[in-house]
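Me: I'd like a close look at a single part of this model rather than a tour of everything. Pick one part, tell me what surrounds it, and then bring in whatever else you need for context.

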Amino acid sequence: MSQPTLPNFQRAKPFVKWVGGKRSLLPELLRRVPAQFKNYYEPFVGGGALFYTLNNKGIIDIGGGGQAFLSDVNFDLIITYQVIQRDPEPLIAKLREYAAKHNKGYYYHIRSQHQLDDRVEIAARFIYLNKTCFNGLWRVNSKGEFNVPIGSYENPAICQPEDLRACHVSLQAVEITLCDFCDIAPCTDDFVYFDPPYHTQTSSGFTKYAQDDFGEGEHKALRDLCRCLHERGVFFMLSNSDTPLVRALYADAPFRIEVMQAPRMVNRNPTGRGAINELLIRNYGKETDGE
């Protein structure tokens, strides 16, 4: 396994663009992280913006008694995390090859490769498609096949070696698992951040990041899990859209709902982009000095 030496200023950040990613909300999220916690769980890891920031700042005490557990049901995403964790150099070489060959025809050729077996090729395909598809959207059909058209980028950043190497360093000693959110097992004083596919009231909402959709039943199951975690003494923070269903699900104690302003970047109509309300839901107290 390679261990690249990084400059002091090199800090890990998400290696993919992710719909609903939390980079723009990080200052608000950091202020609301528990002042102290043992292990960190992120079962809808996506781009992992909050994890990387907490780890960069030393707030997650990995190796000092604490551990981080990242998981998701998106197979390609988790394979990519695991490849970067193990050794990013073969992945970097493959991405350089993809970048050199990139054009519209090559994009659709790579997009059609739904049955790859090699883990590095799966990871390279995932990052390549994410960096070159429409709006960085990861969407699959009922067969689990990625089906997003190519985006209109003049010079997409397909291969970013130093970013991948920084992620490699940050992911050491982290447990990365392909699993459903219901399968996590945090204990008392652990902290869980939930960033699920957002509830949507329209048919155009993007909730199908994996073969199985994330609908009303899953949102109710997530609320039930949050109740169980609270009874177990686990801290949790959850992001979701501001809809009547979400407000109703978390209307009672122990849930605390706050409204955040977040940019909406994915919309076919540019006039539909801009700041929207999101909900941040916790089972613990006031803001901290995490920022």
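Reply: First a term: a residue is buried under 20% relative accessible area, exposed over 50% and partly exposed in between (1.4 Å probe, protein chains only). C133 is buried on that scale, because its relative accessible area is 0%. Keep in mind that this is a predicted model, where local features need pLDDT of at least 70, side-chain atom pairs count only at pLDDT 80 or more, and totals for chains, interfaces and linings use all residues. Numbering starts from 1 along each chain as its sequence is written, and side-chain values use heavy atoms, with hydrogens and water left out.

My pick is α6, the helix of residues 119-132. Helices (H or I, at least four residues) and strands (E, at least two) are DSSP runs, numbered from the N terminus. α6 has 14 residues and runs 20 Å from its first C-alpha to its last, close to the expected 20 Å (1.5 Å times one less than the number of residues).

How much of α6 is covered? Mostly, it is: 11 of its 14 residues are buried. The buried set is I122, A123, A124, R125, F126, I127, Y128, L129, N130, K131 and T132. You'll spot R125 and K131 in there, both buried along with I122, F126 and L129. Those buried residues pack against four other helices, namely α3 (75-86), α4 (89-101), α5 (104-111) and α7 (161-170); contact here means heavy atoms within 4.5 Å.

The N-terminal end of α6 has a cap. D118 puts a side-chain oxygen 3.0 Å from the backbone nitrogen of V120. That fits the polar contact rule: N or O atoms within 3.5 Å, where within protein one must be able to donate a hydrogen and the other to accept it, and residues adjacent in sequence count only if both atoms are side-chain atoms.

Now follow the packing into α3, one of the helices that α6 rests on. Its 12 residues should span 16 Å at 1.5 Å a residue, and the end C-alpha atoms sit 17 Å apart, which agrees. α3 is mostly covered too, with nine of its 12 residues buried: D76, L77, I78, I79, T80, Y81, V83, I84 and Q85. The cover over those buried residues includes α6, but also α2 (49-56), β2 (68-72), α4, α7 and β3. At the start of α3, N74 does something you've just met with D118: a side-chain oxygen of N74 comes within 3.2 Å of the backbone nitrogen of D76.

Over in α5, another packing partner of α6, there's an aromatic pair. Rings of Phe, Tyr and Trp (its six-membered ring) pair if their centres lie within 6.5 Å; planes under 30 degrees apart count as stacked, over 60 as edge-to-face and the rest as tilted. The structure holds 22 such pairs. Y107 and Y108 have ring centres 5.0 Å apart and planes at 85 degrees, so this pair is edge-to-face. Are both partners buried or exposed? Y107 counts as buried because its relative accessibility is 0%, whereas Y108, at a relative accessible area of 28%, is partly exposed. Y250 and F255 are edge-to-face as well, with 4.9 Å centre to centre and 80 degrees between the planes, and here both Y250 and F255 are buried.

α7, also against α6, leads on to an odd backbone spot. A173 sits in the loop between α7 and β3 (175-178) and has a positive phi of about 70 degrees although it isn't a glycine. A173 counts as exposed because its relative accessible area is 55%. D189 is another non-glycine with a positive phi, about 75 degrees, in the loop between β3 and β4 (191-194); at 32% relative accessible area, D189 is partly exposed. While we're on backbone, the peptide bond from A253 to P254 is cis, with omega near 15 degrees, and P254 lies in the loop between α9 (244-249) and β6 (256-264).

For the wider setting, the protein has nine helices and seven strands, and 50% of its 291 residues are buried. Among contacts between residues at least 6 apart in sequence, 76% join residues at least 24 apart.
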